[in-house]
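Visitor: Could you take me through one part of this model up close? I'd like to hear about the nonpolar core, and then whatever helps to place it in the rest of the chain.

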Amino acid sequence: TGVLYVVATPIGNLDDMSQRARTVLQQVSLIAAEDTRHSARLLQHFDIGTHCQALHDHNEQLQIDGLLARLAAGESIALISDAGTPLISDPGYRLVAAAQAAGMAVSPVPGACAAVAALSAAGLPSDRFVFEGFLAAKSAARRSRLEALAAEPRTLMFYEAPHRIVECLRDMTEILGPERRITLARELTKTFETIRQLPAAQMLAWVESDTNQQRGEIVLVVEGAPESNREAGDVEADVMLGRLLKYLPVK
Ligand code: SAM
């Protein structure tokens, strides 16, 4: 059978395209792309003539059977998204899951991912982290997600749309606290790449006052809650300890 390659493409700077990505895209029978018109530019730049077929959230389920049949027939297929690594806040999960379930070979061709690139330069703890993708567009849902994450000790990573960045930072300042350190990573690998770390309240003030910071593509890397913020897990541990203490011999 063929191989389903999951191929990362650049997030801005085309020099980040790996040699292996180019070779694989050239050699497969078909490229399943999130947006064929968008990908046509990338493929043209690298002189790749492989046929492209659209695979986006709205037709993914419909496409799967056809793609699996082609894999079974021995053809290899590459999955790409508009930028970065497929499946990371991008389509492809259902295809990969179906290929795995059908016993097909799935192989990643790693490369750029905005979240990992941002984390690598953010200057915040990187040993453990949580990727949250996009927060909800509506304020109530966004705030309740932030409330659920307020005590999370691991570094948090979010993708955010430029037209929502101010509201998002306002909610973070309020819910996570004005002192919480945030790194804004904007336009990574591109001409106006900006990476800056500030406490939440100061980040909000800076982004509000400089409209340039409200443009382009943005990752927010947010410091985790201080470990002293006791949360549900700790409370459960205390309850359990209380119960167990009853079974200890009394002095
Ligand atoms: N699959 C992609 C990846 O691996 O990063 C992410 C796709 S998601 C639909 C697009 C979001 O990723 C943008 O809204 C932005 O938050 C983030 N992003 C993509 N490229 C970026 C860049 N060059 N600089 C900063 N953020 C970027």
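**A close look at the core**

Guide: Happy to. The largest nonpolar core has 59 residues, and the ones with the most contacts inside it are Val7, Ala78, Leu79 and Ala118. Helix 5, which covers residues 114-122, gives the most to this core, with 6 residues. Bear in mind that this is a predicted model.

Let's zoom in on Val7. Leaving aside residues up to four places away in sequence, Val7 touches Ala21, Val24, Leu25, Ala78, Leu79, Ile80 and Val109. Two of those names, Ala78 and Leu79, you've just met among the residues with the most contacts in the core.

Now follow the chain on from there. Ala78, Leu79 and Ile80 fall in strand 4 (77-80), and the loop between strand 4 and helix 4 (93-101) is the place of Leu87. Leu87 is worth a pause: its phi is positive, about 75°, although it is not a glycine. For background, most residues other than glycine have a negative phi. As for its surroundings, Leu87 has 18 C-beta neighbours inside 10 Å, so it counts as partly exposed.

Asp47 makes a nice companion to that one. Its phi is near 60°, again a positive value in a residue other than glycine. You'll find Asp47 in the loop between helix 2 (36-45) and strand 3 (52-54). Asp47 has 8 C-beta neighbours inside 10 Å, so it counts as exposed.

While you're rotating the model, have a look at helix 7 (residues 165-176) and helix 8 (residues 200-209). Their axes come within 9 Å and cross at roughly 160°, which means that helix 7 is roughly antiparallel to helix 8. The crossing of the two helices is left-handed. On the helix 7 side, the contact is made by Ile165, Val166, Leu169, Arg170, Met172, Thr173 and Leu176. Helix 8 brings Ala200, Ala201, Met203, Leu204, Val207 and Glu208. Sorted by character, the residues of this contact divide into 10 nonpolar, 1 polar and 2 charged.

Finally, step back to the whole chain. It has 9 helices and 10 strands, and its C-alpha trace spans about 75 × 55 × 30 Å along the principal axes. Of its 251 residues, 32% are buried. And if you take the contacts between residues at least 6 apart in sequence, 74% join residues at least 24 apart. Val7 with Ala78, Leu79, Ile80 and Val109 gives you contacts to look for on screen.

Definitions and conventions:
Residues numbered from 1 in each chain as written. Predicted model: local features only at pLDDT ≥ 70, side-chain atom pairs only at ≥ 80, totals over all residues. Core = buried A, V, L, I, M, F, W, Y, C linked by C-beta atoms within 7 Å. Buried ≥ 20, exposed ≤ 12 C-beta atoms within 10 Å, placed from the backbone. Helix = DSSP H or I, 4+ residues; strand = E, 2+ residues; numbered from the N terminus. Contact = placed C-beta atoms within 7 Å. Axes fitted to C-alpha atoms, helices over the stretch in contact; angles between N-to-C directions. Parallel < 35°, antiparallel > 145°, perpendicular 65-115°, else oblique. Left-handed = near helix turned anticlockwise from the far one by under 90°. Nonpolar A, V, L, I, M, F, W, Y, C, P; charged D, E, K, R; others polar.
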